[in-house]
Amino acid sequence: MPPILSISGLSKTYASGFQALKSVDLEIDKGEIFALLGPNGAGKTTLISIVCGIVTPSTGEVTVDGHDIQTDFRAARSLIGLVPQELTTDSFESVWATVNFSRGLFGKPKDPAFVEKVLKDLSLWDKKDARILTLSGGMKRRVLIAKALAHEPRVLFLDEPTAGVDVELRRDMWELVRGLRETGVTIILTTHYIEEAEEMADRIGVISKGEIILVEDKAALMSKLGRKQLTIYLQDPLTAMPAGLAADHRLELAEDGGALTYTYDTQGERTGITRLLTDLGAAGIRFKDLQTRQSSLEDIFVDLVRERR
């Protein structure tokens, strides 16, 4: 099955000389949730803006379901919904009016039943006659999503969709995104909340300084780059790490001397834990508890970006 979004050799250099994107290649499959991660200024919003026809690329091609975003703009753009990061809404309009207006902008015929379904799915139906000015920040963000869905797009961009939203509403939005994916909508989201990508994404892309440095299936990424840590809680605190143990094992001693942390590769044939515990016993170091921790997506992301600096 061909990708629904194909980006090839995409670069953007602004008049100031700043190069925001450097030859980006990326393909997004139909019906997947793709998370694009990167620090501020990495190029995430520029990339989205080019795909959505807001910014003109310096070089490269973008096609949406086979339609070129520059030579076949109307057809390509009609397939895309965009939820921007900023809460830009028509404050004095009602929710019903602004969502219907967004549908009309794309030449879609009036369909009150469809708009009603969108508003109900987003828990906005009881606010349909309310002026957007009177809504909370979380509700305004739901309105932005409703506007983006009004013309029935097949690709939905969510640029920091839960920024400034409380935890409960964030989880509601996660459920909404999963529901959209079930209807066949492809979701591309940028987020600062690593837990959001870890919770929802099928694949992860990492962008840094305008370059895509990694695209990987989420589970494979965490398996390939993940590490585990074994924390050994000691019966008697140590004042210093025994020289022999420090040389033979990747150990760190806690500041209070009450625990040792051992880091090991999840992909290695041997973890080295058995030998470590044997060596601890030989050194007369007794422990009272063990705890393991798998590295999170945030740990992996921070390490990847740090390597590129």
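Glu 152 sits in the loop between α5 and β7 (155-159). In this predicted model, Glu 152 takes a positive phi of about 60° even though it is not a glycine. Residues other than glycine mostly have a negative phi. As for cover, Glu 152 is partly exposed, its relative accessible area being 33%. Ser 123 tells a similar story: here too phi is positive, at about 55°, in a residue that is not a glycine. The loop that holds Ser 123 runs between α4 and α5, and the residue is partly exposed at a relative accessible area of 44%. So α5 has one of these two residues in the loop before it and the other in the loop after it.

Stepping back to the whole chain, the protein is built from eleven helices and 14 strands. Of its 309 residues, 44% are buried. Among contacts with a separation of 6 or more, 69% are between residues 24 or more positions apart. On the outside, the protein exposes about 15700 Å², with 49% of that coming from carbon and sulfur atoms.

What about the inside? Nonpolar side chains tend to be buried together in soluble globular proteins. Here the largest nonpolar core takes in 39 residues, and the members touching the most others are Leu 156, Ile 187 and Ile 204. Another core lies apart from that one; it has 27 residues, including Ile 4, Val 51, Cys 52 and Ile 207. Leu 156 of the largest core falls within β7 (155-159), the strand that follows the loop with Glu 152.

The packing is not without gaps. A probe the size of a water molecule, rolled over the atoms, shows where empty space is left. Across the whole structure, two cavities of 30 Å³ or more turn up. The largest cavity holds about 60 Å³. Around it are Leu 5, Ile 7, Leu 26, Ile 28, Phe 34, Leu 36, Leu 47, Ile 48, Val 51, Phe 157 and Ile 188. By class, that makes eleven nonpolar residues, with no polar and no charged ones in the lining. Three strands and a helix do much of the walling: β1 (5-13), β2 (19-28), β3 (33-37) and α1 each put in at least two residues. The largest share, three residues, belongs to α1. Val 51 is a link between two parts of this picture, as it lines the largest cavity and also belongs to the core of 27 residues.

The second largest cavity has a volume of about 50 Å³. Its lining consists of Ile 145, Leu 158, Pro 161, Thr 162, Met 173, Trp 174, Leu 176, Val 177, Leu 189, Glu 196 and Met 200. Nine of these are nonpolar, one is polar and one is charged. Both α6 and α7 (194-200) give at least two residues to this lining, and the largest share, four residues, is from α6.

Open spaces come next. The largest pocket encloses about 360 Å³. It is lined by 20 residues, and those closest to its centre are Ile 54, Arg 77, Leu 82, Pro 84 and Ala 148. The lining splits into nine nonpolar, seven polar and four charged residues. Several elements meet around this pocket, with at least two residues each from α1 (44-51), β6 (80-83), α3 (95-105) and α5 (137-149). Helix α1 therefore has a part in two of the spaces described, since at least two of its residues line the largest pocket and three line the largest cavity, elements being DSSP runs in both cases.

The second largest pocket offers about 260 Å³. Of the 13 residues in its lining, Phe 114, Lys 117, Val 118, Leu 180 and Thr 183 are nearest the centre. Seven of the lining residues are nonpolar, two are polar and four are charged. Two helices, α4 (112-121) and α6 (167-182), each contribute at least two residues. It is α4 that gives the most, with four residues. Helix α6 shows up again here: besides its place in the lining of this pocket, it supplies four residues to the lining of the second largest cavity.

How values were computed: Residues are numbered from 1 along each chain as its sequence is written. This is a predicted model: local features need pLDDT of at least 70, side-chain atom pairs count only at pLDDT 80 or more; totals for chains, interfaces and linings use all residues. Side-chain values use heavy atoms; hydrogens and water are left out. On a 1 Å grid over the protein atoms alone, a cavity is a set of points where a 1.4 Å probe fits but cannot get out, and a pocket is an open set with protein on both sides within 12 Å along at least five of seven lines; lining residues have an atom within 4 Å of a point. Grid points are joined across faces, edges and corners, and a volume is the space filled by probe spheres set on the points. Ala, Val, Leu, Ile, Met, Phe, Trp, Tyr, Cys and Pro count as nonpolar, Asp, Glu, Lys and Arg as charged, and the others, Gly among them, as polar. A nonpolar core is a set of buried Ala, Val, Leu, Ile, Met, Phe, Trp, Tyr and Cys residues joined through side-chain atoms within 4.5 Å. Buried means under 20% relative accessible area, exposed over 50%, partly exposed in between (1.4 Å probe, protein chains only). Contact means heavy atoms within 4.5 Å. Accessible areas come from the Shrake-Rupley method with a 1.4 Å probe; for residues, only the protein chains shown count as cover.
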